[in-house]
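Here is a small set of exercises to work through with the model open beside you. Each task comes with a solution that goes step by step.

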Amino acid sequence: MGEQVEKEDRLFLVDASASMAGRVGPDHARKIDIVKTGLKQFCLEHWPEMYYDRPLRMGIVIFRQTGLPATPYFEQLVPLFPTPAVLEVYRIDEIKVRGGSPLYEALKYASMVMVGSTRPVRRVKLIGDGDNDGPDPMKEVYQVVAQGISVDCVEVSEKASKLMTEIAVRTGGKHTLVDTSRDIRKALEE
């Protein structure tokens, strides 16, 4: 990534719904723990490259849906704009899982955040297990495509979901199936 010429904005959207407490893979690890480990490693290895005007500018947002009526919840762990001077990695460890998974709302949120980006490469890494609660996320995919944003779906599961695969294909992104922290680490790098 240090060789990267184009400047890139990369937004990590992390599903923090209750389904992410499920276990997968050879280690029978919790999905959210796999995500936390891989995301922390990525951040610690690339933080100098992500500072202000360097090639990679990155944001991390967790999302879930809670309450009755169901209300989407978003929390910026690392804001994309402006890049913070200090990386508070401990905040990744503090992610708690509960509620539902509003993929439509997550993609809508990504569109709002990325609309301010003037960088030539704008990517979203949608990290989740393929569960969706709420409206069909494909309705928001058209807006994402219109803005020139690609969505890479990093699916923490043992079997690929049609929804996550389709989101990646329609946005020109990549779909990756992961079930270990080593696998997710590679997927975040691409």
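## Exercise 1: two helices side by side

The axes of helix H4 (residues 138-146) and helix H5 (residues 162-171) approach to within 10 Å, crossing at roughly 25 degrees. Please classify this arrangement, then describe the contact; keep in mind that the model is predicted.

**Solution.** Start with the angle: values under 35 degrees count as roughly parallel. The crossing is at roughly 25 degrees, and that makes H4 roughly parallel to H5. Next comes the handedness, and the crossing of H4 and H5 is right-handed. Now list the partners: H4 contributes Met138, Val141, Tyr142, Val144 and Val145, which meet Leu163, Glu166, Ile167, Arg170 and Thr171 of H5. Sorted by class, the residues of this contact are seven nonpolar, one polar and two charged.

## Exercise 2: the two sides of H4

Which residues of H4 are buried, and what do they pack against?

**Solution.** Begin with the buried set, which consists of Met138, Glu140, Val141 and Val144. These residues cover an arc of only 140 degrees around the axis, so they sit on the same side of H4. Then turn to the other side of the helix, where Lys139, Tyr142 and Ala146 are exposed. For the packing, the buried residues of H4 have helix H3 (103-114), S7 and H5 as partners. Finally, look just past the helix: H4 is followed by Gly148, which has a positive phi near 75 degrees.

## Exercise 3: helix H6 and its partners

Find the buried residues of helix H6 (residues 181-189), and work out how H1 is oriented relative to H6.

**Solution.** First, the buried residues of H6 are Ile184, Arg185, Ala187 and Leu188. Their arc around the axis is only 165 degrees, which puts them on the same side of H6. Second, they pack against several elements, namely strand S1 (8-15), helix H1 (31-46), strand S6 (121-128), strand S7 (150-156) and strand S8 (175-178).

Third, take the pair H1 and H6, whose axes come within 8 Å and cross at roughly 50 degrees. That angle makes H1 oblique to H6, and the crossing is right-handed. Among the residues of H1 that meet H6 are Ile34, Val35, Leu39 and Phe42, while the H6 side includes Ser181, Ile184, Arg185, Leu188 and Glu189. By class, this contact has six nonpolar, five polar and three charged residues.

## Exercise 4: a lysine in a loop

Is Lys174 buried, partly exposed or exposed, and which residues is Lys174 in contact with beyond its neighbours within four places in sequence?

**Solution.** Locate Lys174 in the loop between H5 and S8. Its relative accessibility is 41%, so Lys174 counts as partly exposed. Leaving aside neighbours within four places in sequence, Lys174 is in contact with Val151, Asp152, Cys153, Ala168 and Glu190. As a last step, check Lys125: it is 49 residues from Lys174 along the chain, and their C-alpha atoms are separated by 9.2 Å.

## Exercise 5: backbone details in two loops

Where does Pro69 lie, and where is the place of His28? Describe the backbone at each.

**Solution.** Pro69 is in the loop between strand S4 (56-66) and strand S5 (71-78). The peptide bond joining Leu68 and Pro69 is cis, with omega about -5 degrees. His28 belongs to the loop between strand S2 (23-24) and strand S3 (29-30). Although His28 is not a glycine, its phi is positive, at about 50 degrees.

Terms used: Residues are numbered from 1 along each chain as its sequence is written. This is a predicted model: local features need pLDDT of at least 70, side-chain atom pairs count only at pLDDT 80 or more; totals for chains, interfaces and linings use all residues. Side-chain values use heavy atoms; hydrogens and water are left out. Buried means under 20% relative accessible area, exposed over 50%, partly exposed in between (1.4 Å probe, protein chains only). Helices (H or I, at least four residues) and strands (E, at least two) are DSSP runs, numbered from the N terminus. The arc is that of the directions from the helix axis to the C-beta atoms. Contact means heavy atoms within 4.5 Å. Axes are lines fitted to C-alpha atoms, for helices over the stretch in contact, and angles run from 0 to 180 degrees between N-to-C directions. Angles under 35 degrees count as roughly parallel, over 145 as roughly antiparallel, 65 to 115 as roughly perpendicular and the rest as oblique. A crossing is left-handed if the near helix is turned anticlockwise from the far one by less than a right angle, and right-handed if clockwise. Ala, Val, Leu, Ile, Met, Phe, Trp, Tyr, Cys and Pro count as nonpolar, Asp, Glu, Lys and Arg as charged, and the others, Gly among them, as polar.
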